[in-house]
Amino acid sequence: MQNVMICPNCGKPLTPANGGKQLVCASGHSFDRAKEGYVNLMVGSRSGESRGDSRASALARKEFLSRDYYGCLKRAIAAKMRGTVLDICCGEGYYDDYAGALYGFDLSKEMVRLASRRHPEPNYHFFVANLSSIPVADHSIDTAIHLFAPFHGEEFSRILKGNGDLYSVIPGADHLYEMKQVVYDTPYKNDEQAPEVPQLRLLERETVTDRVTISQEDLKTCFSMTPYYYRTSESDRAKLDRVDEMELTVSFVLLHYRLP
């Protein structure tokens with residue numbers, strides 16, 4: 001299997017060395033594998049441990065997703081994967097069950113560490129990186145998946161093969177709406193607005209929806225994973241303490257992009 005990872009310093013291909021304990025490029029840059037198998041490809045001031053999710057946040061997310069509340073989305077994503085797959089902002093690797101070659105990266109070392117433990121080599125390759133400068137070779141990816149993260153059309157189009165597919169996921173209109181009804185006096189629905197970039201063409205939209213029964217503890221964890229958590233007052237967050245269990249809508253829109 002050809003390694004699609006490139007050196008973040010010079011852009012040359014990375015190859016295993018020292019019995020697989022390192023990745024090196026022809027310019028002599030080297031990157032050590034952690035004991036879990038991942039590689040940190042953040043360089044300079046960007047390589048600090050504090051980037052991305054903390055260990056506590058990563059573990060809480062892992063425990064929440066292990067309950068399979070988002071199982072409908074996981075199954076939908078699995079059906080799209082083909083060829084060499086890249087999971088952009090992979091988190092703890094929940095969506096990465098795949099028999100072929102899969103590469104995944106995240107800004108958070110803690111997330112990548114968990115993903116590497118969940119999916120060991122040889123088929124899986126995880127690394128720490130930033131989506132604004134992905135250390136992956138040009139036009140090397142058959143399927144890229146991108147869930148609930150910033151959209152970077154220039155980089156996404158660069159790494160896709162000519163017939164490659166990008167599946168980007170955004171929240172559906174009714175996603176977590178019952179939870180919003182508890183927390184907010186005036187709850188709102190998501191606008192389902194798809195990113196529009198000149199580098200990629202949106203081919204189709206697919207909505208994936210389910211209803212799940214969720215405990216109070218998991219509901220609070222779920223809320224902490226949303227972007228509006230930090231914009232919500234403590235008094236409004238505390239309203240979830242009054243809920244023992246809830247029937248909750250989970251809804252996602254899969255956006256299918258290709259090169260023009």
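Colleague: Which helices and strands each supply at least two residues of the lining of the largest pocket?

Modeller: This is a predicted model, to be clear from the start. Two helices do: helix 1 (55–66) and helix 6 (216–224). On the strand side there are strand 5 (85–88), strand 6 (102–106), strand 8 (141–147) and strand 9.

Colleague: Where does the largest share of that lining come from?

Modeller: From helix 1, with five residues.

Colleague: What volume does the largest pocket have?

Modeller: About 1,300 Å³. Its lining counts 50 residues. Closest to the centre are Arg61, Phe148, Ala149, Met225 and Pro227.

Colleague: Back to helix 1. Is Ser57 buried or partly exposed?

Modeller: Ser57 sits in helix 1. It counts as partly exposed because its relative accessibility is 34%.

Colleague: How far apart are Ser57 and Met111?

Modeller: In space, 9.0 Å from C-alpha to C-alpha. In sequence, 54 residues separate Ser57 from Met111.

Colleague: Switching to sheets. In what order do the strands of the eight-strand open sheet run?

Modeller: The order is 4-7-6-5-8-9-11-10, and the pairing is mixed. Strand 4 (39–40) and strand 10 are the edges, each pairing on one side only.

Colleague: How many bridges join strand 5 to strand 6?

Modeller: Four, and the two strands run parallel. Take Ile88: its bridge partner in strand 6 is Phe105.

Colleague: Which strands of the sheet does helix 6 touch?

Modeller: Helix 6 packs on the sheet against strand 10 and strand 11. The direction of helix 6 makes about 150° with that of strand 10.

Colleague: And the three-strand sheet, what is its order?

Modeller: That open sheet runs 1-2-3, with antiparallel pairing. Its edge strands are strand 1 (15–17) and strand 3 (30–32). On average, neighbouring strands there are turned by 35° against each other, direction ignored.

Colleague: How many bridges link strand 2 and strand 3?

Modeller: Three, in the antiparallel sense. Strand 2 covers residues 22–24. One of the bridge pairs is Gln22 with Asp32 of strand 3.

Colleague: Now the core. Which residues touch the most other members of the largest nonpolar core?

Modeller: Tyr70 and Met179, in a core of 44 residues. Strand 11 (residues 245–258) gives the most to this core, with five residues. Apart from it lies another core, of 32 residues, including Met5, Leu23, Val136 and Leu255.

Colleague: What is Tyr70 in contact with, leaving aside neighbours within four places in sequence?

Modeller: Phe64 and Leu65, then Tyr94 and Tyr95. Further along the chain come His175, Leu176, Cys222, Val250 and Phe252.

Colleague: What about helix 2, how many of its residues are buried?

Modeller: Six of the eight, so helix 2 (residues 71–78) is largely enclosed by the rest of the structure. The buried ones are Gly71, Cys72, Leu73, Lys74, Ala76 and Ile77.

Colleague: What do the buried residues of helix 2 pack against?

Modeller: Helix 3, plus strand 8, strand 9, strand 10 and strand 11.

Colleague: Backbone checks next. Is the peptide bond from Glu121 to Pro122 cis or trans?

Modeller: Cis, with omega near 15°. Pro122 is in the loop between helix 3 (109–118) and strand 7 (124–128). For context, most peptide bonds are trans.

Colleague: What sign does phi have at Leu176?

Modeller: Positive, about 60°, although Leu176 is not a glycine. Most residues other than glycine have a negative phi. Leu176 lies in the loop between strand 9 (160–171) and helix 5 (177–183).

Colleague: Is Leu176 buried or exposed?

Modeller: Buried, with a relative accessible area of 1%. Leu176 also appeared among the contacts of Tyr70.

Colleague: And Glu192, what is its phi?

Modeller: About 55°, again positive in a residue that is not a glycine. Glu192 is in the loop between helix 5 and strand 10 (201–215).

Colleague: Is Glu192 buried or partly exposed?

Modeller: Partly exposed, because its relative accessible area is 22% and buried means under 20%.

Conventions. Residues numbered from 1 in each chain as written. Predicted model: local features only at pLDDT ≥ 70, side-chain atom pairs only at ≥ 80, totals over all residues. Heavy atoms only, no water. Core = buried A, V, L, I, M, F, W, Y, C linked by side-chain atoms within 4.5 Å. Buried < 20%, exposed > 50% of the residue type's maximum accessible area, 1.4 Å probe, protein only. Contact = heavy atoms within 4.5 Å. Pairing = 2+ DSSP bridges. Axes fitted to C-alpha atoms, helices over the stretch in contact; angles between N-to-C directions. 1 Å grid on protein atoms, 1.4 Å probe; cavity = no way out; pocket = protein on both sides within 12 Å on 5 of 7 lines; lining within 4 Å. Points joined across faces, edges and corners; volume = space filled by probe spheres on them.
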